[in-house]
Amino acid sequence: MGTTILEVQELKKSFGGISAVSGVSFDVRDGEILGIIGPNGCGKSTLFNCILGQLRPTAGRVFLDNQDVTGLRPSELNRRGVSRTFQLLQVFPQLSVHENLILAGQEHKGTMVSRLFGSRDVGLTAEANRMIAFFRLQHLADEKASGLSYGQQKLLDAAMAFMAGPRLVLLDEPAGGVNLTMLSHLEERLRAINAEQGATFVVIEHNMDFVMRLCTRVVVLAEGQKIAEGTPAEVRANPTVIEAYLGH
Ligand code: ADP
Ligand code: MG
């Protein structure tokens, strides 16, 4: 496995007196697909929010390529090649699939968003078209996002995260609420983008089978702490993990 891209050290986040993340450490290696699993409310999304600068961690540090990026703004992390999806859809319903992708590309590059309707970035237009072809959304390119099925919107949401060639993408429940056909399409495309473009990603997901098939390594959280880490097979056989899941 490759060198370490991202290193999370003893990350903590409290809301008021309540500890959501209680000292979690892990690293992400170049080219891997790392899974993060754990029961509802165990701090997975909060962890992403702290890594990407949506929230400031209460304690702990985040390193990107050995540089301390703790507390940097999301836009600054975007510029450094890190992007994400949110648990809830972030597509713009009134914009077309193509326009949504361009907007995401502009955001990741830190370009003025207002340019969308003015002079177009030729590079981004071409990239949006490539992304549309890659995720097999050609027939929907000019549809408003609001006209897409939920699964198609989740696919678009994931595609948006890959605009502007990020090195590291954090996906928060990309398969949540997606039907089986769309799920296998998404899984297959994520695998392809990892293999063909060398994109590294971290996937939070509830669907255990999806994680086990897709990920090379898995980190397991429970109640704000890391309780296990290993290959999918190791994690699945870990008694602590089984107990954390069955206990809920
Ligand atoms: P997960 O993504 O694993 O389901 P979250 O990270 O969303 O869990 O939440 C972890 C805990 O932190 C939960 O108890 C949740 O209620 C709490 N929490 C998350 N965000 C906030 C917030 N902005 N304010 C207060 N509590 C929050
Ligand atoms: Mg969550």
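Which residues of β8 lie on one side and which on the other, and are they buried or exposed? Let's start there and then look around the rest of this predicted model.

## Strand β8, covered on both faces

T200, V202 and I204 sit on one side of β8, F201 and V203 sit on the other, and all of them are buried. Put as a count, 5 of the 5 residues in this strand (residues 200–204) are buried, making β8 mostly covered.

β8 also has strand partners. One is β3 (residues 33–37), which runs parallel to β8 and is joined to it by 4 bridges. Another is β7 (residues 168–172), also paired with β8 in the parallel sense, this time over 5 bridges. If you want to find these pairings on screen, try F201: I33 stands opposite F201, and V169 stands opposite F201 too.

V203 is worth a click as well. Setting aside neighbours within four places in sequence, V203 is in contact with I33, G35, L171, P174, V211, L214 and C215.

## The nonpolar core

Now zoom out a bit. The largest nonpolar core has 70 residues, and the ones touching the most other members are L101, A159, F201, V203 and V220. You've already met F201 and V203 as residues on one side of β8. Helix α5 (residues 150–161) gives the most to this core, with 6 residues.

So where does the core lie? Domain 1 (1–81 + 167–248) and domain 2 (92–165) both give residues to the core, so it lies between them.

## Two domains and where they touch

The protein is divided into domain 1 (1–81 + 167–248) and domain 2 (92–165). Taken over C-alpha atoms, the centres of the two domains are 24 Å apart. Their contact takes 14 residues from domain 1 and 12 residues from domain 2.

Which elements give two or more residues to the domain 1 side of that contact? They are α2 (74–79), β7 and α6 (180–197). Of these, α6 gives the most, with 4 residues. Sorted by character, the residues on the domain 1 side divide into 8 nonpolar, 4 polar and 2 charged.

## Ligand 1 and helix α1

Next up is the ligand. Around ligand 1 you'll find F15, A20, G38, N40, G41, C42, G43, K44, S45 and T46. That shell divides into 3 nonpolar, 6 polar and 1 charged residue. Helix α1 (residues 44–51) supplies the largest share of the shell, 3 residues.

How enclosed is α1 itself? Because 8 of its 8 residues are buried, α1 is largely enclosed by the rest of the structure. The buried residues are K44, S45, T46, L47, F48, N49, C50 and I51. Just after α1 comes a backbone detail to look for: G53 takes a positive phi of about 85°.

## A closer look at F210

Last stop: F210, which you'll find in helix α7 (residues 208–214). Why does F210 count as buried? Because F210 has 20 C-beta neighbours inside 10 Å, and a residue needs 20 or more to be called buried.

Who does F210 touch? Not counting residues up to four places away in sequence, F210 touches A175, L183, E187 and E205. Take L183 as an example: F210 and L183 are 27 residues apart along the chain, yet their C-alpha atoms are separated by 8.3 Å.

Definitions and conventions
Residues are numbered from 1 along each chain as its sequence is written. Chains are lettered from A and ligands numbered from 1 in the order in which they are written. This is a predicted model: local features need pLDDT of at least 70, side-chain atom pairs count only at pLDDT 80 or more; totals for chains, interfaces and linings use all residues. A residue is buried if 20 or more other C-beta atoms lie within 10 Å of its own, exposed if 12 or fewer, and partly exposed in between; C-beta atoms are placed from the backbone. Two residues are in contact if their C-beta atoms, placed from the backbone, lie within 7 Å. A residue is near a molecule or strand if its C-beta atom, placed from the backbone, lies within 6 Å of it. Ala, Val, Leu, Ile, Met, Phe, Trp, Tyr, Cys and Pro count as nonpolar, Asp, Glu, Lys and Arg as charged, and the others, Gly among them, as polar. A nonpolar core is a set of buried Ala, Val, Leu, Ile, Met, Phe, Trp, Tyr and Cys residues joined through C-beta atoms within 7 Å. Domain bounds come from an automatic or database domain assignment. Two strands pair if DSSP finds at least two bridges between them.
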